[in-house]
Amino acid sequence: MACPHHDTPASPTEAIVAEEKAQLDFSNDMSYGDYLQLDAILGAQKPLSPAHDELLFIVQHQTSELWMKLMLHELTAAIRNIAADELNPAFKQMARVSKIMEQLVHAWDVLATMTPPEYSAIRPYLGHSSGFQSFQYRCIEFSMGNKNAAMLKPHAHSPERLALVQMAYEAPSLYDEALRLLARRGIAVPASHTERDWTRPYEASDAVKQAWLQVYRNPKEHWDLYQLGEELTDLEDAFRLWRFRHVTTVERVIGFKRGTGGTGGVSYLRKMLDVVLFPEIWTLRTEL
């Protein structure tokens, strides 16, 4: 009696796979899942509640952390390249960070499908854990110049994470290195902004605005610095949109309840919307 399997005509898909000679046996080779370590990644979602929607909440935040890992990879490289006067790769890296932030803005659209009752069902299981405590997000903020010593404390319980946040806190930010580059190019940037305590919050300066105005009023002469200014503008623009979408999603899902991390929730996030990272890049536009 013939094997029924062999009597069955191949499906169009089976025929294509056979024709393309796709590799199907991975008993001795690295597979897609092996390369991406999917067993570890897909096994990392461990809901604590019986609620259906907790998986959405976990996946949303885990994928955001993966994107932030890539953001830090690109930001660190961009800062290093600006310090080395290697602007072309820095531009590519900064543009990529802006695109990642755009991706994260749209990710909030998915979380926004969670209604207040659905979130209320999982909230007690979160304890005091909060995105406020994300060490990667803190490194991003520090790398972009929003320094705050108090933000080191949530990571004091983990020496390894604290060391990473401390490194970003003590290092020159992206904007610090941009201003040092302007000074190296012979544009008058005050020493107060090129040789300072990098742990201090950045303070806007009229002299720095005048330095950028020199670039923007003669872009042909300073084309790469002009492009640097616009990459910084794109980056902060994307960051503002990310923050704004965060606020609106939180307000939609929890209203004005306090956050699990102890902040005022929406009130805290709204205050963060007023933080300007590269102030002179924005104020110079009024005088052009």
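## A first look at an all-helix model

The protein's accessible surface adds up to about 16600 Å², with 57% of that belonging to carbon and sulfur atoms (areas by the Shrake-Rupley method with a 1.4 Å probe; for residues, only the protein chains shown count as cover). Keep in mind that this is a predicted model, where local features need pLDDT of at least 70, side-chain atom pairs count only at pLDDT 80 or more, and totals for chains, interfaces and linings use all residues. Residues are numbered from 1 along each chain as its sequence is written, and side-chain values use heavy atoms, leaving out hydrogens and water.

What does the secondary structure come to? There are 14 helices and zero strands (DSSP runs numbered from the N terminus: H or I of at least four residues for helices, E of at least two for strands). The protein is more spread out than a compact globule, because its radius of gyration is well over what the globule rule gives for 288 residues (taken over C-alpha atoms; the rule is 2.2 Å times the number of residues to the power 0.38).

| Quantity | Value |
|---|---|
| Radius of gyration of the protein | 24 Å |
| Globule rule for 288 residues | 19 Å |
| Span of the C-alpha trace along its principal axes | about 90 × 50 × 35 Å |

Now for the inside. Buried residues (under 20% relative accessible area, 1.4 Å probe, protein chains only) make up 41% of the 288. Contacts (heavy atoms within 4.5 Å) with a separation of 6 or more are 70% between residues 24 or more positions apart. Leaving aside residues up to four places away in sequence, Trp242 touches Met68, Met71, Met101, Leu104, Val105, Trp108 and Tyr137.

Note on methods
Buried < 20%, exposed > 50% of the residue type's maximum accessible area, 1.4 Å probe, protein only.
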